Amino acid sequence: MSLEEQRGGTPLFGAVVAGLLKKTTGLVGLVVCLSPHERLRILHTKILDILEQIPKNAAYRKYTEQVTNERLGMVKAEPDVKKLEDQIQAGQIEEAILQAESERSLAGKMIQWKPWEPLAEEPPAGRWKWPIKSSANDWCVKGKLMSLKALLHQKYVHIIDVK
């Protein structure tokens, strides 16, 4: 991927922050996108296109579609990059772009994985319950029963080694 592609394509558009050309994100490996509105619009549109291949009643589709449509609406409505960053609340605009790229990738994988389909076989009883609680004061951690006091001591003091 060329530097221009990493930056979002067209040079000198959209990277204006407070009237100045943004030169760096300050984050290692994350280059400034010079056309963030265009890049986000394209990514969110691609995500929505992919989501159409997932059943409408699938939780992943419903919630991802909701967030993606909200963000796409913000991108279309807010021309100022700084204000858009504040509205999206995902850090710098380049971080929001990175999130959208990751979501696009995940959406494609979800189509392959089909998590909305029923399980091939029923899971063992209690498989999806955690932590396993044996009594009011004992917790099962990594196969050992521990009192809540010992559990908290291990978690916050890191002295007890439970295997």
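Which residue caps the N-terminal end of α4? I looked there first. Asp80 does, with a side-chain oxygen 3.2 Å from the backbone nitrogen of Lys82. I note that this is a predicted model.

**Entry: helix α4**

I went through the helix, which spans residues 81-88. I listed its buried residues: Val81, Leu84, Glu85 and Ile88. They cover an arc of only 105° around the axis, so they sit on the same side of α4. The general rule helps here: an α-helix has 3.6 residues a turn, so residues three or four places apart point the same way.

I then checked what follows the helix. Just after α4, Gln89 takes a positive phi of about 60°.

**Entry: a salt bridge inside α4**

I looked up Lys82 again, this time for its side chain. Lys82 forms a salt bridge with Asp86, and their closest N and O atoms are 3.6 Å apart. Both residues lie in α4, four residues apart, which is about one turn of the helix.

Are Lys82 and Asp86 buried or exposed? Neither label fits, because both fall in between, as partly exposed. Lys82 has a relative accessible area of 41%. For Asp86 the value is 46%.

**Entry: Glu85 and Lys22**

Next I took Glu85, one of the buried residues of α4. Which residue does Glu85 pair with in a salt bridge? The partner is Lys22, with the closest N and O atoms 3.8 Å apart. I had to go back along the chain to find Lys22. It lies in the loop between β2 (20-21) and α2 (36-51), 63 residues from Glu85, so I wrote the pair down as a link between distant parts of the chain.

I checked burial on both sides. Glu85 is buried, at a relative accessible area of 9%. Lys22 is buried too, at 15%. Both values count as buried because the cut-off is under 20%.

**Entry: Lys22 and Glu94**

I followed Lys22 further. Lys22 also forms a salt bridge with Glu94, the closest N and O atoms being 2.8 Å apart. Glu94 lies in helix α5 (residues 93-113) and Lys22 in the loop between β2 and α2, so this pair ties together parts that are 72 residues apart in sequence. Both Lys22 and Glu94 are buried.

**Entry: tally**

I put the pairs together. Lys22, Glu85 and Glu94 are linked in a network of salt bridges. How many salt bridges does the count come to? I noted five. Among them are Glu85 with Lys22, Lys22 with Glu94 and Lys82 with Asp86.

Key:
Residues numbered from 1 in each chain as written. Predicted model: local features only at pLDDT ≥ 70, side-chain atom pairs only at ≥ 80, totals over all residues. Heavy atoms only, no water. Salt bridge = Lys/Arg side-chain N within 4 Å of Asp/Glu carboxyl O. Helix = DSSP H or I, 4+ residues; strand = E, 2+ residues; numbered from the N terminus. Buried < 20%, exposed > 50% of the residue type's maximum accessible area, 1.4 Å probe, protein only. Arc of directions from axis to C-beta. Polar contact = N/O pair within 3.5 Å; in protein donor to acceptor, adjacent residues only side chain to side chain.
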